[in-house]
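Hi everyone, thanks for coming. I'd like to walk you through one chain today, so please have a look at it on the screen before I start.

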Amino acid sequence: MIQSRMVGEVRVTRLLEYAAPTHDPAFLFPDMAPGLLADNAGWLAPHHYVPHMNRLIVTIQLWIVHAGGNVIVIDTGVGNRKPRAAARMNQLNSLVLPWLEAAGAAPDTVTHVVHTHLHSDHVGWNTVLSADGRWTPTFPNARYLLPKLEYDHYIEALAKASDPIIDAAFDDSVRPVVEAGLADFIPDRGEIADVLSIEAAPGHSVGHQTYRIRSRGEEGLFSGDVMHSPAQIVDPKLNTTYCALPEAARRTRAALLAREAERGTLVMPMHFGAPHCGYIRRQGEGYTFEPATW
């Protein structure tokens, strides 16, 4: 459930909320070319794709960064007791809180909570349900860093209509931390806690951002949902059904793959199956995925 490694002098830990063969490929990737999964099943299975079920494995996880005196959580998963339309996310009852403590990130020690974007599977542990039935901040001593463009977009959009990809999450997992005075709205460039560089990565959502570590000649990139599956490394044009800005998503993905292959970056997405992170390598005119070791 918990694995750690070093990027230079920075300790990075991944904490699993859940992983399962949940998604029909035709739903998640409506434009996927026939045969792509079959042609790549030899390496996508069993960690990213289950051929006999024809289901993609999607992981929900939290990333934790220990750097200096800072304890930073990057994206916060689905959360417990959250009412969600998707059955796989509805009313979870997991052990994320004790796992956070085991990982050295007990809620009262966390200094920053950073978001790549504000979809419901990335904000859920922002809050917990109190004894009196209110959603209260999970990390009382942290600053919750929300991409400003993303937040402003949903404030405006949700005033006009509901959004199934946000579900009830804005009200139960975003508004409470803003109302508690714990939120800061961050631009699409700059630094966080002298350890994370903010980089704009629009497409999957309007204000999607990624976060880069540089330490002692090594680099790591928390890439959020620029990619949901390593299948998108084989076919960078492949968008999910959830991508809000399809052409921007393709441009962002193409740029990420080219850049990180050149730099040898450890890429840490939110939804990849085991081992959940790895390296982009050039292969002919395209790319391949090299899983990392823990």
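I'll begin with the chain as a whole, then go through some individual residues and one helix.

One thing to say up front: this is a predicted model. Please keep that in mind as we go.

So, the overall picture. The chain contains 7 helices and 17 strands. Its radius of gyration is 18 Å, close to the 19 Å that the globule rule gives for 294 residues, so the chain is as compact as a globular protein of that length. If you lay the C-alpha trace along its principal axes, it spans about 55 × 45 × 35 Å.

How much of the chain is buried? Of the 294 residues, 55% are. The contacts tell us about sequence separation: taking those with a separation of 6 or more, 67% are between residues 24 or more positions apart. On the outside, the accessible surface is about 12,100 Å², and carbon and sulfur atoms hold 52% of it. As for charge, there are 25 positive and 32 negative charges, and their mean positions are 1 Å apart.

Now let's go inside, with two threonines.

The first stop is Thr13, which you'll find in strand E2, residues 10-23. Is Thr13 buried or exposed? With a relative accessibility of 0%, Thr13 counts as buried, since the cut-off for that is under 20%. Its side chain has a polar partner, though: a polar contact of 2.6 Å links it to the side chain of Ser4. Setting aside neighbours within four places in sequence, the residues in contact with Thr13 are Ile2, Gln3, Ser4, Leu62, Trp63, Ile64 and Ala103.

Next is Thr76. This one sits in a loop, between strand E5 (70-74) and helix H3 (96-102). Thr76 is buried too, and its relative accessible area is 0%. What does the side chain of Thr76 find there? A polar atom of that side chain lies 3.1 Å from the backbone oxygen of Val123. Beyond its neighbours up to four places away in sequence, Thr76 touches Leu62, Val113, His122, Val123, Gly124, Trp125, Asn126 and Phe139. If you were following the lists, Leu62 is a contact of Thr13 and also of Thr76.

Let me move to a helix, H5, which covers residues 169-179. Its buried residues are Ala169, Phe170, Asp172, Ser173, Val174, Pro176 and Val177. And which elements do those residues pack against? There are strands E7 (127-129), E8 (135-137), E9 (143-147) and E10 (183-186), together with helix H4 (148-158). After H5 comes Gly181, with a positive phi near 75°.

That brings me to the backbone, and a few places where I'd suggest you zoom in.

Let's take the cis peptide bonds. The bond from Ala45 to Pro46 is cis, with omega near 0°, and Pro46 is in the loop between helix H2 (36-44) and strand E3 (49-50). The bond from Ala274 to Pro275 is cis as well, again with omega near 0°. Pro275 belongs to the loop that runs between strands E15 (266-269) and E16 (278-283).

Then there are positive phi values outside glycine. Ala193 has phi near 55°, and its place is in the loop between strands E11 (189-192) and E12 (196-200). Ala193 is partly exposed, at a relative accessible area of 25%. Arg216 also has a positive phi, of about 50°. Look for Arg216 in the loop between strands E13 (209-215) and E14 (218-224). Arg216 is exposed, with a relative accessible area of 66%.

My last residue is Arg214, in strand E13. At 45% relative accessibility, Arg214 counts as partly exposed. Its side chain makes a polar contact of 3.3 Å with the side chain of Ser197. Apart from residues up to four places away in sequence, Arg214 touches Val195, Ser197, Glu199, Glu219 and Arg263. Remember Ala103, from the contacts of Thr13? Arg214 and Ala103 are 111 residues apart in sequence, and their C-alpha atoms are 22 Å apart in space.

That's my tour. Thanks for listening, and I'm happy to go back to any of these places on the screen.

Note on methods
Residues numbered from 1 in each chain as written. Predicted model: local features only at pLDDT ≥ 70, side-chain atom pairs only at ≥ 80, totals over all residues. Heavy atoms only, no water. Helix = DSSP H or I, 4+ residues; strand = E, 2+ residues; numbered from the N terminus. Rg over C-alpha atoms; globule rule 2.2 N^0.38 Å. Buried < 20%, exposed > 50% of the residue type's maximum accessible area, 1.4 Å probe, protein only. Contact = heavy atoms within 4.5 Å. Areas by Shrake-Rupley, 256 points an atom, 1.4 Å probe, with all protein chains shown as cover. Lys, Arg positive; Asp, Glu negative; His and termini not counted. Charge placed at Lys NZ, Arg CZ, Asp CG, Glu CD. Polar contact = N/O pair within 3.5 Å; in protein donor to acceptor, adjacent residues only side chain to side chain.
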